[in-house]
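Okay, thanks for making time, everyone. I'd like to walk through one structure with you, so let me put it on the screen.

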Amino acid sequence: MTAPSTTAPAGTTALKYQLKSFEKIPIKMWDNPDDGAIHIARYIALCIRQKQQENDHLVLGLATGSSPIKVYNELVRMHREEGLSFQNVVTFNLDEYYPMKPDANQSYVRFMHEYLFSHIDIPQSNIHIPNGDIPMEYVDHYCQEYEKKIESLGGIDIQILGIGRTGHIGFNEPGSWLSSRTRLVKLDHMTRMDAVKEFGKEENVPYRAITMGISTILKAKQIFIMAWGSHKAEIVAQAIEGDVTEMIPATFLQNHTNVKFYLDDAASVELTKIKTPWLAGICQWDDKLVAKAVIWLSLKLQKPLLKLTDEDYINHGLSELIAEYNSAYTLNIEIFNKLQHTITGWPGGKPNADDKHRPERANPAKKRVIIFSPHPDDDVISMGGTFLRLVEQGHEVHVAYQVSGNIAVHDTDAWRYAEFMADYARAMGVDHPELLKLVNKVTRFIERKEQGETDLKELRVLKGIIRREEARSGALYCGLPEKNIHFLNMPFYETGGVRKNKLSEIDFQIIIDLLNDVKPHQVYAAGDLADPHGTGEHGMNGRLMKLRWLFRLVLTN
Ligand code: F6R
């Protein structure tokens, strides 16, 4: 049986097929976050130029975090390559941690200069970022002045926002009220946890922040809010489709008349029209969607798939499937079999077996396989069982650790290994002054290291070796020969911080060379796509897409 046609079956009312929108904030979806960000940046540029012609200024409300980075990159590019001037632009940032010294590594002042202000011609006096360094007793007054300043310049013309997993906009955490203005707030636990990647340790993350209020934000004439990546999907759906509630402050945007939510595919998966398009009446049925609908119904009703009845389908907006398949029984069996055929104990294919209904072909019986592991541990963490099976079943398995992973090693571990080297040298009576000097340098650095300070190169190398050896033991334990363990050390990662460089041609070439060397029949991309780490999907959709494209290119040549 094939998937039902996309047109309404004869006899059904047109009404049933009308689109039903669940979205209370207009959305714009993008295959690739870069395209969405570029679109916003170009719109801002247009407005800046328009105001220049009118001899007027444009007031921008700006956000930090990963979401707007690509917008800033594009604005900088337009400044450099297209002569876009920011002389008539005034900016107000949404927020800043408190307390926070403006020159600290994690300050939003530093962030904004790093990504935007240092690369454009905006007058310093036009830049406003809440000051996280003022004494507590002046904060209230300071916040009032911040509001007044915005008003005195005619209010914010365009406000850029990201959304936190708590549903915050700015740092307006759950519980923020509609009329709130710029003020000192307490950060939600989840927000603090999300910030650990910037601050190194939980205890380093400030408990408070100064933020524009909900009413400050809603007064902006136009608002663009962005969410990229699957880790945002759930809160995005609640913000866009849920009831307005102060427990999800982003829902207040539903009352703004000129707001648009920019989303990529991953961030939109929980929206009704994507997750359950049959409820929105816009189904383009194909085999995959039929399977998705049946599994959804089974999960929703907490009923085994084979026990779903005609009535279950009809009562949950899926009567057209019953019309097409004649009965729940036929449909259930078809999907059940399909699911069965995706499960195998032979990930590399079962030799000499009829593979018509198996997820992998039987031949060649012995396959060459590459497991790409972004960090040195994603292989065993995310697909350890499959890894072992592939080796046991005699395939030629290669594992490629893409980056060194050095920033994830604790200083105390590095310190211990450094001391170990020195102790060993001493115990063996090897007097190696250079080695002892190096150990001394590393341990002294760790002892006096400031919060968030980038590691010395020598320390990064040591940390990289620690991870490398852990990964090597894991792979050897899985039965891999030494020659099949590849440490790619992709250079984009080696910044010493959480923020990575852009992928360069060198990074891509490393992958291409390995694919050309091994010529794999199977490629696995290990890891969790929702991994909020800079090396994972977050902010890397484009990179992953490019990798997929590379795989296709190399494998078909
Ligand atoms: C940042 C800000 C926050 C972020 C939000 C999303 O100035 O006000 O509301 O926009 O936490 O952060 P990212 O973009 O890093 O996911």
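**Strands, ligand and a few odd spots**

Let me start with a single pair: Ile371 stands opposite Tyr524, and that tyrosine belongs to β14. The strands behind this pair are β11, residues 368-373, and β14, which run parallel to each other and are joined over four bridges. Before I go on, please keep in mind that this is a predicted model.

Now zoom out a little. β11 and β14 sit in an open sheet of four strands, and if you read across it you get β13-β12-β11-β14, with parallel pairing. Which strands stand at the edges here? They are β13, at 485-487, and β14, at 522-525; each has a single partner strand, so one side of each has no neighbour in the sheet. Going from one strand to the next, the twist averages 20°.

While we're at this end of the chain, a word on domains. The assignment gives three of them: domain 1 is 43-261, domain 2 is 281-340, and domain 3 comes in two pieces, 368-409 and 457-556. If you take the centres of domain 1 and domain 2 over C-alpha atoms, they are 44 Å apart.

Okay, next sheet. This one is open too, with seven strands and parallel pairing, in the order β1-β10-β9-β6-β2-β3-β5. At its edges you find β1 (27-30) and β5 (127-128), each of them pairing on one side only. For a closer look, take β9, residues 222-227, and β10, residues 259-264: these two pair in the parallel sense over five bridges. One of the residues to click on is Ile223, whose bridge partner in β10 is Val259.

Then there's some antiparallel pairing, and β8 is the strand to follow. β8, residues 208-211, pairs with β4, residues 95-98, in the antiparallel sense over four bridges. Within that pairing, Tyr97 has Ala209 in β8 as its bridge partner. β8 also pairs with β7, residues 183-186, and again the sense is antiparallel, over four bridges. There, Leu184 is the residue opposite Ile210 in β8.

Now the part I suspect you've been waiting for, the ligand. How many residues surround the ligand? The count is 14, and the closest are Ser67, Asp95, His168, Gly170 and Lys232. By type, that shell splits into four nonpolar, eight polar and two charged residues.

For polar contacts, let me give you three to look at. Ser67 has a polar side-chain atom 2.5 Å from an oxygen atom of the ligand. Thr64 also places a polar side-chain atom by a ligand oxygen, at 2.7 Å. With Gly162 the contact comes from the backbone: an N or O atom there lies 3.4 Å from an oxygen atom of the ligand. As for cover, the ligand on its own has 410 Å² of accessible area, and the protein covers 89% of that.

Last stop: backbone geometry. If you set up anything from these coordinates, these are the spots I'd point at on the screen. Where are the cis peptide bonds? One of them joins Tyr98 and Pro99, with omega at about -5°. Pro99 is in the loop that runs between β4 and α3, the helix at 108-115. Another cis bond joins Asn363 and Pro364, and omega is about -5° there as well. Pro364 falls in the loop between α13 (328-340) and β11, and β11 is the strand with Ile371, where I came in.

And one more: Gln302 has a positive phi, about 55°, even though it isn't a glycine. You'll find Gln302 in the loop between α10 (287-301) and α11 (310-315).

That's my tour. I'll leave the structure up while we talk.

Technical notes. Residues are numbered from 1 along each chain as its sequence is written. This is a predicted model: local features need pLDDT of at least 70, side-chain atom pairs count only at pLDDT 80 or more; totals for chains, interfaces and linings use all residues. Side-chain values use heavy atoms; hydrogens and water are left out. A residue is near a molecule or strand if one of its heavy atoms lies within 4 Å of it. A polar contact is a pair of N or O atoms within 3.5 Å; within protein, one must be able to donate a hydrogen and the other to accept it, and residues adjacent in sequence count only if both atoms are side-chain atoms. Accessible areas come from the Shrake-Rupley method with a 1.4 Å probe; for residues, only the protein chains shown count as cover. Ala, Val, Leu, Ile, Met, Phe, Trp, Tyr, Cys and Pro count as nonpolar, Asp, Glu, Lys and Arg as charged, and the others, Gly among them, as polar. Domain bounds come from an automatic or database domain assignment. Two strands pair if DSSP finds at least two bridges between them. Axes are lines fitted to C-alpha atoms, for helices over the stretch in contact, and angles run from 0 to 180 degrees between N-to-C directions.
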